[in-house]
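Trainee: I would like to learn how to read a structure one feature at a time. Could we go through one together?
Mentor: Gladly! Here it is.

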Amino acid sequence: MNRWIAAAVLCLAAVSAGAIDTEAAFQDAALQGRYEHLTNELRCLVCQNQTVADSNAGLAADLRRQVKEMIAAGKTDDDIKRFMTDRYGDFVLYDPPLSARTVLLWAAPVLLLILTLGAAARQIIRRSKADIGPDPEESA
Amino acid sequence: MWRYFVPAAVFLALGGVFAFTLMRIDSGKLDVREIQSPLIGKPAPAFSLPSVLEPSRLVDSRSLAGKSYAFNVWGTWCGGCREEHAALIAISRTSGVPIIGLDWKDERPQAQAWLAQLGNPYTEVISDAEGRTAIDWGVYGAPETFLVSPAGIIVEKFIGPLTEAVWQQKFAPHIKAGVAQ
């Protein structure tokens with residue numbers, strides 16, 4: 001039992017040791033919060049399934065520096081995101097904006113929900129019309 | 001009957017789409033990592049950076065105005081750059097447009113040694129040790145090559161090791177069409 005606890009503690013220690021940003025970028029908690037939020041929302045383009053906050057690639061470090069400098073210079077979050085998308089396109093954002101290209105991406109969950117609810121409703125109505133017991137087809 | 005047929009048809013259609021896409025990736029027709037640059041059709045970002053060969057001299061993008069040029073991002077740490085180097089030298093002799101090299105996040109002595117050893121295809125080689133100009137150009141992986149028109153507009157971008165065939169196919173037509181003369 002103790003061995004398992006020790007293993008779990010070691011795993012947790014390894015996770016925290018793997019953190020890329022070892023020092024806080026800002027003393028001010030609000031600025032640090034914005035910094036963390038932005039770097040977690042930006043995609044590292046070299047290692048495409050990591051965020052800029054997660055990656056230790058050289059470009060990710062440069063983009064973190066860019067975000068830090070822009071926050072320090074008083075730029076808004078929108079300014080910083082626009083700076084990034086002007087250079088790297090929407091792909092750099094993990095939260096892509098709604099546009100003609102991404103409309104299917106955004107609409108798909110809603111469409112699937114409507115389809116599933118429709119199918120479920122049809123099934124429920126059909127079963128409630130049959131006056132007895134379970135669906136004969138289902139039990140067959 | 002329908003309740004068995006519909007799921008099977010959906011499954012087969014999805015499988016078909018996946019197989020088709022995977023085959024295109026496999027044959028090199030589709031690169032899922034490649035990102036279309038939003039900079040194509042936009043003015044080339046300005047820069048002012050020290051020359052790799054004469055560190056005390058700054059090269060300013062304004063000195064390139066009115067001429068077409070290729071802009072090649074490389075580094076001595078980059079394997080694909082070594083791969084494309086011979087092609088760059090050949091292109092520099094035949095294409096008629098100057099090639100500007102951006103030595104990205106690199107050490108100057110190593111870059112100088114690389115050019116001395118492998119030859120220098122560049123009209124100007126500039127050092128972007130901090131990677132700021134590379135960010136302005138939306139660079140995410142070397143080698144990357146851009147073509148800038150005389151009006152200062154980025155008209156083409158290629159990601160990956162450049163070859164003479166790629167140059168002929170993607171870059172030469174712009175130059176011929178006079179867009180980049």
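Trainee: What share of the contacts in chain A with a separation of 6 or more comes from residues 24 or more positions apart?
Mentor: First a caution: this is a predicted model. In chain A, 47% of the contacts with a separation of 6 or more are between residues 24 or more positions apart.

Trainee: How many helices and strands are there in chain A?
Mentor: Chain A has six helices and zero strands, and its pattern along the sequence reads α-α-α-α-α-α. Of its 140 residues, 28% count as buried.

Trainee: Let's take one helix. How does the reach of α3 in chain A relate to the span expected for its residues?
Mentor: The general idea is to multiply 1.5 Å by one less than the number of residues. Helix α3 of chain A covers residues 58–72, which is 15 residues, and the distance from its first C-alpha to its last is 21 Å, close to the expected 21 Å.

Trainee: Which residues of α3(A) are buried, and what covers them?
Mentor: The buried ones are A:L59, A:A60, A:D62, A:L63, A:R64, A:Q66, A:V67, A:M70 and A:I71. Their cover includes α2 (29–41) and α4 (77–88) of chain A, along with β4 (99–104) and α4 (132–136) of chain B. After the helix comes A:G74, with a positive phi near 85°.

Trainee: And just before that helix, is A:N56 buried or exposed?
Mentor: A:N56 sits in the loop between α2 and α3 of chain A. The cut-off for exposed is over 50% relative accessible area, so A:N56, at 64% relative accessibility, counts as exposed. Its C-alpha is 9.4 Å from that of A:C44, a residue 12 positions away along the chain.

Trainee: Now chain B. Why is strand β7 of chain B described as largely enclosed?
Mentor: Count the buried residues in the strand. β7(B) runs over residues 154–159, and five of its six residues are buried, so the rest of the structure largely encloses it.

Trainee: In which sense does β7(B) pair with β6(B)?
Mentor: β6(B), residues 144–148, pairs with β7(B) in the antiparallel sense, over five bridges. B:V148 is opposite B:I154 of β7(B). The two strands make a hairpin with five residues between them, and B:G152 in the turn has a positive phi of about 85°.

Trainee: What should I look for in backbone angles?
Mentor: Start from the usual case: most residues other than glycine have a negative phi, and most peptide bonds are trans. Then pick out the exceptions. B:K105 is a residue other than glycine with a positive phi, near 45°. B:K105 belongs to the loop between β4 and α3 (108–118) of chain B, and it counts as partly exposed because its relative accessibility is 28%.

Trainee: Which residues does a cis peptide bond join?
Mentor: The cis bond joins B:A142 and B:P143, with omega about -5°. B:P143 is in the loop between α4 and β6 of chain B.

Trainee: How do I read a single buried residue, such as B:I126? What does it touch?
Mentor: Begin with accessibility: B:I126 has a relative accessible area of 0%, so it is buried. B:I126 lies in strand β5 (residues 124–128) of chain B. Leaving out residues up to four places away in sequence, B:I126 touches B:F47, B:L49, B:P50, B:S51, B:V52, B:V59, B:I100, B:G101, B:L102 and B:D103.

Trainee: Last topic, empty space. How many cavities of 30 Å³ or more does a search of the whole structure find?
Mentor: The search finds one. The largest cavity has a volume of about 40 Å³. Residues of both chains appear in its lining, including A:R87, A:Y88, B:Y140 and B:K157. By class, that lining has four nonpolar, three polar and two charged residues.

Trainee: And how much space lies in the largest pocket?
Mentor: About 550 Å³. Of the 18 residues that line the largest pocket, A:D90, A:F91, A:P96, A:R101 and A:T102 lie nearest its centre. Helix α5 (residues 103–129) of chain A gives the most to this lining, with three residues. The pocket lining divides into 10 nonpolar, four polar and four charged residues.

Notes. Residues are numbered from 1 along each chain as its sequence is written. Chains are lettered from A and ligands numbered from 1 in the order in which they are written. This is a predicted model: local features need pLDDT of at least 70, side-chain atom pairs count only at pLDDT 80 or more; totals for chains, interfaces and linings use all residues. Side-chain values use heavy atoms; hydrogens and water are left out. Helices (H or I, at least four residues) and strands (E, at least two) are DSSP runs, numbered from the N terminus. Buried means under 20% relative accessible area, exposed over 50%, partly exposed in between (1.4 Å probe, protein chains only). Contact means heavy atoms within 4.5 Å. Two strands pair if DSSP finds at least two bridges between them. On a 1 Å grid over the protein atoms alone, a cavity is a set of points where a 1.4 Å probe fits but cannot get out, and a pocket is an open set with protein on both sides within 12 Å along at least five of seven lines; lining residues have an atom within 4 Å of a point. Grid points are joined across faces, edges and corners, and a volume is the space filled by probe spheres set on the points. Ala, Val, Leu, Ile, Met, Phe, Trp, Tyr, Cys and Pro count as nonpolar, Asp, Glu, Lys and Arg as charged, and the others, Gly among them, as polar.
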